[in-house]
Amino acid sequence: AEEAELLPIIVDKRDGATLGVDIQKKSGQAVITQIKKQGLITVWNAEHPEAQVKLGHVIVEVNGVHGFDGLLSECRSNKILHI
């Protein structure tokens, strides 16, 4: 099987902006199931065409936190996220 490529992403949620994605738990993993027209991920995609977040991508860790519940909690916090 092909090794999955890891895309490091840094977004700043300190002003309360949202990521603008829906995440669902699939086989214990945090899978991106929707990317909304507004949100930090859409801005990231526009600014980083070579490293775009796409539907079906899996979030592996956020700020060093692993596991679905921990990831979700970190994604909801208003700070700089290292995804």
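**Stop 1: the largest pocket**

Start with the largest pocket of this predicted model, which holds about 570 Å³ of space. To find its centre, select E5, L6, L7, H57 and V58: of the 23 residues in the lining, these are the closest to that point. Now try colouring the lining by residue type. You should get 16 nonpolar, 3 polar and 4 charged residues.

**Stop 2: the second largest pocket**

Next, move to the second largest pocket, with about 220 Å³ of space. Select K13, T18, L19, G20, V21, I23, K36, L72, C75 and R76 to light up its lining. How does this lining divide into nonpolar, polar and charged residues? The split is 5 nonpolar, 2 polar and 3 charged.

Two elements, β2 (21-26) and α2 (68-76), each give two or more residues to this lining. Which of the elements gives the most? That is α2, with 3 residues. Keep both elements on screen, as the next stops look at each in turn.

**Stop 3: the helix α2**

Select α2 and show its side chains. Which of its residues are buried? They are F68, L71, L72, E74 and C75. Turn the view until you look straight down the axis of α2: the buried residues fall within an arc of 165°, so they line one face of the helix. Here is a handy rule to go with that view: an α-helix has 3.6 residues a turn, so residues three or four places apart point the same way.

Now look at the face of α2 turned away from the buried side, where you will find the exposed residues D69 and R76. You have already met R76 in the lining of the second largest pocket, along with the buried residues L72 and C75.

What covers the buried residues of α2? Add β2, β3 (29-35), β4 (58-59) and β5 (80-82) to your selection, since the cover includes these strands.

**Stop 4: the sheet**

Hide the helix and keep β2, β3 and β4. These 3 strands form an open sheet in the order β2-β3-β4, with antiparallel pairing. The edge strands, β2 and β4, each pair on one side only. As a reminder, strands of a sheet pair through backbone hydrogen bonds, either parallel or antiparallel.

Zoom in on the β2 and β3 pair. How many bridges join them? There are 6, and the two strands run antiparallel. For a last selection, pick V21 and I35: V21 stands opposite I35 in β3. V21 also belongs to the lining of the second largest pocket, which brings you back to Stop 2.

Definitions and conventions
Residues are numbered from 1 along each chain as its sequence is written. This is a predicted model: local features need pLDDT of at least 70, side-chain atom pairs count only at pLDDT 80 or more; totals for chains, interfaces and linings use all residues. Side-chain values use heavy atoms; hydrogens and water are left out. On a 1 Å grid over the protein atoms alone, a cavity is a set of points where a 1.4 Å probe fits but cannot get out, and a pocket is an open set with protein on both sides within 12 Å along at least five of seven lines; lining residues have an atom within 4 Å of a point. Grid points are joined across faces, edges and corners, and a volume is the space filled by probe spheres set on the points. Ala, Val, Leu, Ile, Met, Phe, Trp, Tyr, Cys and Pro count as nonpolar, Asp, Glu, Lys and Arg as charged, and the others, Gly among them, as polar. Helices (H or I, at least four residues) and strands (E, at least two) are DSSP runs, numbered from the N terminus. Buried means under 20% relative accessible area, exposed over 50%, partly exposed in between (1.4 Å probe, protein chains only). The arc is that of the directions from the helix axis to the C-beta atoms. Contact means heavy atoms within 4.5 Å. Two strands pair if DSSP finds at least two bridges between them.
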